[in-house]
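Dear colleague,

I am handing over the structure below for you to look through. What I found in it follows directly after it.

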Amino acid sequence: MTALLALFLTLFLAGFLGAVWPQGLMAPDLFLVLALWYAWERPYYLGLPAAFLLGLLQDLLGFGLLGLHATGLLLAAYAFYAASRRLVAGEGLGTIFAFLWAFFAKWFGYFLVAYWLRLDLPPLLPLDFFLEGLFTLPLFLLALRLGGLGKAP
């Protein structure tokens, strides 16, 4: 029930941010926050398919390439599980490093799909990556705090 409420909250906030966020500025990836929050409290055999399905939902809502966000979120959840096992993800810096590892894996998944389909890459500046990560990380930490999650997977 909590996961369903979190999904509805994510959909509402994504629509709200889409309306009020400045054009051209990278917005926080709320679906990444939801996928990592879901992966945090569940085993990998439930978290990985959920991340893939969340990515498919994001693809369907964004009218983009079907599978682009699904691949990105799947790789992000996989990297988050891998980093959480090697770091103490319940502590401050361990959680931040696990998030960063998942964030870069998400973008690697995007570029992997773009390379596979031989797409032209849009002009992305390093500042865009930095701003998206900077806006997404506090929301992820807030989601963990509000979820009452004090334990590592």
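To begin with the surface of this predicted model, the accessible area of the protein comes to about 9,200 Å², and carbon and sulfur atoms account for 74% of that area. Of the 153 residues in the protein, 39% are buried.

As for the fold, the protein holds 6 helices and 0 strands, so that reading along the sequence gives the pattern α-α-α-α-α-α. The radius of gyration is 15 Å, close to the 15 Å that the globule rule gives for 153 residues, and the protein is therefore as compact as a globular protein of that length. The C-alpha trace spans about 40 × 30 × 30 Å along its principal axes. Among the contacts with a separation of 6 or more, 66% are accounted for by residues that lie 24 or more positions apart.

On the charges, the protein carries 7 positive and 7 negative ones, and the mean positions of these two groups are 11 Å apart.

One residue deserves a separate look, namely Arg118, which has a positive phi of about 60° although it is not a glycine. Most residues other than glycine have a negative phi. Where in the chain does Arg118 lie? Arg118 belongs to the loop between helix H5, which covers 92-116, and helix H6, which covers 126-146. With a relative accessible area of 64%, Arg118 counts as exposed, because that value is over 50%.

With best regards

How values were computed: Residues are numbered from 1 along each chain as its sequence is written. This is a predicted model: local features need pLDDT of at least 70, side-chain atom pairs count only at pLDDT 80 or more; totals for chains, interfaces and linings use all residues. Side-chain values use heavy atoms; hydrogens and water are left out. Helices (H or I, at least four residues) and strands (E, at least two) are DSSP runs, numbered from the N terminus. The radius of gyration is taken over C-alpha atoms; the globule rule is 2.2 Å times the number of residues to the power 0.38. Buried means under 20% relative accessible area, exposed over 50%, partly exposed in between (1.4 Å probe, protein chains only). Contact means heavy atoms within 4.5 Å. Accessible areas come from the Shrake-Rupley method with a 1.4 Å probe; for residues, only the protein chains shown count as cover. Lys and Arg count as positive and Asp and Glu as negative; His and the chain ends are not counted. The place of a charge is taken as NZ of Lys, CZ of Arg, CG of Asp or CD of Glu.
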